[in-house]
Amino acid sequence: MRRNTLVHIYTLTNGHGIEARIMTYGAALVSLKTPDRNGKLANVVLGFDSLDPCLAAVPYYGATVGRYANRIANGRFTLDGKCYQLPQNNGTNSLHGGTLGFDKHVWSADPPVPGSSALRLSYVSADGEEGYPGRLTAHVTYRLSDDDSLSIEYQAVTAAPTPVNLVNHAYFNLSGDPQATVLDHLLTLRAERFTPVDAALIPTGELRSVADSPFDFRLPHVIGARIDDSDAQLSRGNGYDHNWVLSKTGSQEPELAAVLTDPRSGRSMEVRTTQPGMQFYSGNFLDGKPTGAGSVFAYRTGLCLETQHFPDSPNHPAFPSTILRPGQTYRETTVLSFLVQP
Ligand code: GLA
């Protein structure tokens with residue numbers, strides 16, 4: 001980030017007291033207050049109120065991740081016969097857009113219209129930035145509605161063919177207590193299959209049924225119930241860190257993908273998306289170690305439900321395509337809806 005660049009935090013509120021705070025650095029959702037069953041508001045995402053801790057090497061709290069979220073094997077892909085090399089910032093892989101991904105840039109914000117509850121942020125990624133071809137103009141709009149939903153809408157256009165995968169990386173903890181783990185949260189995932197990974201967390205290409213495995217969340221399960229089962233896939237991810245293949249009907253509208261509930265506070269969140277996949281990551285790399293600034297979050301005190309295209313898609317022609325070409329518009333929407341259980 002350039003010195004003297006101003007960073008802003010914008011606040012969106014709705015008629016029921018729900019409040020979302022969005023920082024222009026990383027177009028990040030840094031705070032999201034929702035009520036529990038007694039109407040008590042608390043922040044349900046891990047994040048910071050100031051910039052300093054975000055500049056320390058923190059794991060993408062609430063950020064908009066791009067140009068390609070998740071992993072690309074060996075940081076390499078071939079597109080239209082040409083081979084591209086990206087920074088290898090995760091073992092030999094490229095992770096979350098490389099060394100200086102979209103989460104580490106200041107996005108410009110259209111000042112919200114008074115009374116409006118939407119914020120549109122934009123970022124122009126230069127041709128060749130982090131090894132990706134083509135100048136890409138990306139927009140993300142956060143919209144808080146009176147039906148207690150926060151929608152996150154992505155749009156992008158490119159000057160040359162390029163892979164694109166824009167993802168929000170919020171860590172949820174619906175208890176509102178960032179010291180508590182999320183192991184007692186109940187999760188439902190509307191997915192019959194997931195993409196198993198190799199030792200480097202790269203999909204093998206198989207779409208494996210979740211039946212009879214700790215990956216079956218078709219009915220609600222407590223996250224901690226099977227997370228430490230002896231299972232080769234769970235050991236690879238140190239817990240859950242996998243992409244689920246969402247069950248879709250072919251609709252263009254966001255479809256239900258996940259329901260997360262904290263039984264103690266009664267807070268519940270439904271996730272709807274246009275995306276084909278979801279990375280459920282159970283915060284296994286959070287280690288509570290000081291980063292040099294601000295507070296830190298401990299092992300499994302937040303979980304991510306990253307609605308996305310499948311990891312390493314540019315190297316898997318059988319996966320839904322992530323290639324955006326000039327003249328096309330990338331459009332994806334994820335909607336988070338907040339309710340309470342009695
Ligand atoms: C994603 C990845 C994880 C990890 C986190 C950030 O969820 O799948 O393996 O890299 O981001 O720490």
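A salt bridge is a side-chain nitrogen of Lys or Arg within 4 Å of a carboxyl oxygen of Asp or Glu. By this rule the structure has 11 salt bridges.

The model is predicted: local features need pLDDT of at least 70, side-chain atom pairs count only at pLDDT 80 or more, and totals for chains, interfaces and linings use all residues. Residues are numbered from 1 along each chain as its sequence is written, and side-chain values use heavy atoms, with hydrogens and water left out.

**Exercise 1. Describe the salt bridge between Asp 110 and Arg 120, and say which parts it ties together.**

Step 1. Take the distance. The side chains of Asp 110 and Arg 120 meet at 3.7 Å, N to O.

Step 2. Place the residues. Asp 110 lies in strand 10 (residues 108–110) and Arg 120 in strand 11 (residues 118–125), so the pair ties together parts that are 10 residues apart in sequence. Strands here are DSSP runs of E with at least two residues, numbered from the N terminus.

Step 3. Check the cover. Buried means under 20% relative accessible area, exposed over 50%, and partly exposed in between (1.4 Å probe, protein chains only). Asp 110 is partly exposed at 35%. Arg 120 is partly exposed at 32%.

**Exercise 2. Find the salt-bridge partner of Glu 153 and place both residues.**

Step 1. The partner is Arg 143, with the closest N and O atoms 2.9 Å apart.

Step 2. Glu 153 belongs to strand 13 (residues 149–158) and Arg 143 to strand 12 (residues 136–144), so this salt bridge ties together parts that are 10 residues apart in sequence.

Step 3. Glu 153 has a relative accessible area of 23%, which makes it partly exposed. Arg 143 is partly exposed too, at 34%.

**Exercise 3. Work out how strand 12 is paired and whether it is enclosed or open.**

Step 1. Two strands pair if DSSP finds at least two bridges between them. Eight bridges join strand 11 to strand 12, and the two run antiparallel. One of the links is Ala 118 with Arg 143.

Step 2. Turn to strand 13. Nine bridges pair it with strand 12, again in the antiparallel sense. Here Arg 143 has Ser 151 as its bridge partner.

Step 3. Look at the turn. Strands 12 and 13 form a hairpin with four residues between them. Asp 148, in that turn, has a positive phi of about 65°.

Step 4. Count the buried residues. Eight of the nine residues of strand 12 are buried, so the strand is largely enclosed by the rest of the structure.

**Exercise 4. Give the strand order of the five-stranded open sheet and name its edges.**

Step 1. The order is 18-17-20-23-24, and the pairing is antiparallel.

Step 2. Strand 18 (208–209) and strand 24 (304–308) stand at the edges with a single partner strand each, so one side of each is left without a neighbour in the sheet.

Step 3. Look inside. Strand 17 (residues 191–195) and strand 20 (residues 241–246) are joined by four bridges and run antiparallel. Ala 191 has Leu 246 as its bridge partner.

**Exercise 5. List the polar side-chain atoms that approach an oxygen atom of the ligand, then say how much of the ligand is buried.**

Step 1. A polar contact is a pair of N or O atoms within 3.5 Å; within protein, one must be able to donate a hydrogen and the other to accept it, and residues adjacent in sequence count only if both atoms are side-chain atoms. Glu 306 comes to 2.6 Å, His 96 to 2.8 Å and Gln 279 to 3.2 Å.

Step 2. Taken alone the ligand exposes 310 Å², and the protein buries 95% of that (Shrake-Rupley method, 1.4 Å probe).
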